[in-house]
Amino acid sequence: MAKLILVPTPIGNLEDITLRSIRILKETELIFAEDTRVTNRLLKHLEINKPVIPFHAHNEHRSLALTIDRIRANTMCVLVSDAGTPAISDPGFLLVRECLKEGIEIECLPGPSALIPALVASGFPCDKFVFEGFLPHKKGRQSRLVALAEEERTIILYESPHRLVKCLGQIAEFLGADRQVCVAREITKMYEEYRRGTAVEVQKHYEQNPPKGEIVIVIEGKK
Ligand code: SAM
């Protein structure tokens with residue numbers, strides 16, 4: 001019986017891959033990867049030599065049938081993304097859905113993902129939260145922000161560094177200038193930083209100190 005295992009990979013610090021993930025990468029017959037170059041670098045670091053086949057976001061729909069055939073031809077295949085957990089703001093969901101439709105067993109190993117450390121370190125309630133991923137860039141962005149203004153649970157967004165200041169400005173505009181936020185930047189990396197304050201305070205900071213690297217925005221829910 002064919003099986004696909006989703007294996008989370010480090011979001012910065014290579015020590016964050018689990019022992020089980022390493023064992024599964026060693027045991028699998030085939031690895032599907034978002035970017036084969038990124039995955040081959042990780043495999044080289046782990047001294048694992050396995051065939052790696054691309055599974056891209058931009059051709060996820062098109063490559064489904066071919067990928068399903070390849071999974072069926074093996075007993076155990078792995079899907080990885082460039083960093084973190086596959087299918088979380090990364091390719092994977094369509095493949096998981098298709099595998100389940102086709103009777104292929106799915107397993108997802110626990111492991112790194114940027115949203116959980118950002119949420120827990122934010123200091124905002126983490127008993128209930130909503131993960132929004134990336135907000136739409138243009139169409140639909142404003143209506144998401146309007147809806148989020150009423151959200152009482154802690155909100156987690158992914159954002160690019162060049163849109164951070166603008167996004168914090170929009171949070172201040174739609175959710176309130178005094179809404180508490182926490183920007184988690186470069187989690188697990190050398191320049192890891194958590195900046196907490198109101199949307200306006202944190203926006204001002206990043207206006208004066210343009211950010212680099214990868215960013216998660218955590219927003220306190222409406223009180
Ligand atoms: N699959 C990944 C996960 O499980 O978190 C997310 C992939 S998504 C394409 C990339 C986004 O995740 C980045 O733009 C950033 O918002 C967030 N991210 C990934 N690594 C991060 C890090 N080390 N520090 C802060 N945010 C990170």
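**Entry 1: strand S10**

I began with S10 and found both of its faces covered: Ile 215, Ile 217 and Ile 219 are buried on one side, and Val 216 and Val 218 are buried on the other. The model I am reading is a predicted one. S10 spans residues 215–219, and I noted 5 of its 5 residues as buried.

I then looked up the partners of S10. Strand S7, residues 154–159, pairs with S10 in the antiparallel sense over 5 bridges. In that pairing I found Ile 156 opposite Val 218 of S10. Strand S8, residues 180–185, also runs antiparallel to S10, and 5 bridges join the two. Here I noted Val 181 standing opposite Ile 219 of S10.

**Entry 2: helices H7 and H8**

Next I checked how H7 (residues 164–175) packs on H8 (residues 199–208). I noted an angle of about 160° and a distance of 9 Å between the axes. An angle over 145 degrees counts as roughly antiparallel, so I entered H7 as roughly antiparallel to H8. The crossing of these two helices is left-handed.

I listed the residues that meet. From H7 they are Leu 164, Val 165, Leu 168, Gly 169, Ile 171 and Ala 172; from H8 they are Ala 199, Val 200, Val 202, Gln 203, Tyr 206 and Glu 207. Sorted by type, the residues of this contact come out as 9 nonpolar, 2 polar and 1 charged.

**Entry 3: helices H3 and H4**

I did the lookup again for H3 (residues 60–72) and H4 (residues 93–101). Their axes are 10 Å apart, and the helices pack at an angle of about 45°. I therefore entered H3 and H4 as oblique to each other. H3 passes H4 in a right-handed crossing.

On the H3 side I wrote down Glu 60, His 61, Leu 64, Thr 67, Ile 68 and Ile 71, which meet Phe 93, Leu 94, Leu 95, Glu 98 and Cys 99 of H4. The residues of this contact divide into 7 nonpolar, 2 polar and 2 charged.

**Entry 4: two glutamates with positive phi**

I turned to backbone angles. Most residues other than glycine have a negative phi. Glu 47 is not a glycine, yet I found its phi positive, at about 55°. Glu 186 is likewise not a glycine and has a positive phi of about 55°.

Where do they lie? I placed Glu 47 in the loop between helix H2 (36–45) and strand S3 (52–54). Glu 186 is in the loop between S8 and strand S9 (193–198).

I also asked whether each is buried or exposed. For Glu 47 the relative accessible area is 73%, and Glu 47 is therefore exposed. For Glu 186 I have 15%, and since buried means under 20%, Glu 186 goes down as buried.

**Entry 5: Asp 178**

My last lookup was Asp 178, found in the loop between H7 and S8. Its relative accessibility is 62%; exposed means over 50%, so Asp 178 counts as exposed. I also checked Asp 178 against Arg 97. They are 81 residues apart along the chain, and their C-alpha atoms are separated by 41 Å.

Terms used:
Residues are numbered from 1 along each chain as its sequence is written. This is a predicted model: local features need pLDDT of at least 70, side-chain atom pairs count only at pLDDT 80 or more; totals for chains, interfaces and linings use all residues. Side-chain values use heavy atoms; hydrogens and water are left out. Axes are lines fitted to C-alpha atoms, for helices over the stretch in contact, and angles run from 0 to 180 degrees between N-to-C directions. Helices (H or I, at least four residues) and strands (E, at least two) are DSSP runs, numbered from the N terminus. Angles under 35 degrees count as roughly parallel, over 145 as roughly antiparallel, 65 to 115 as roughly perpendicular and the rest as oblique. A crossing is left-handed if the near helix is turned anticlockwise from the far one by less than a right angle, and right-handed if clockwise. Contact means heavy atoms within 4.5 Å. Ala, Val, Leu, Ile, Met, Phe, Trp, Tyr, Cys and Pro count as nonpolar, Asp, Glu, Lys and Arg as charged, and the others, Gly among them, as polar. Buried means under 20% relative accessible area, exposed over 50%, partly exposed in between (1.4 Å probe, protein chains only). Two strands pair if DSSP finds at least two bridges between them.
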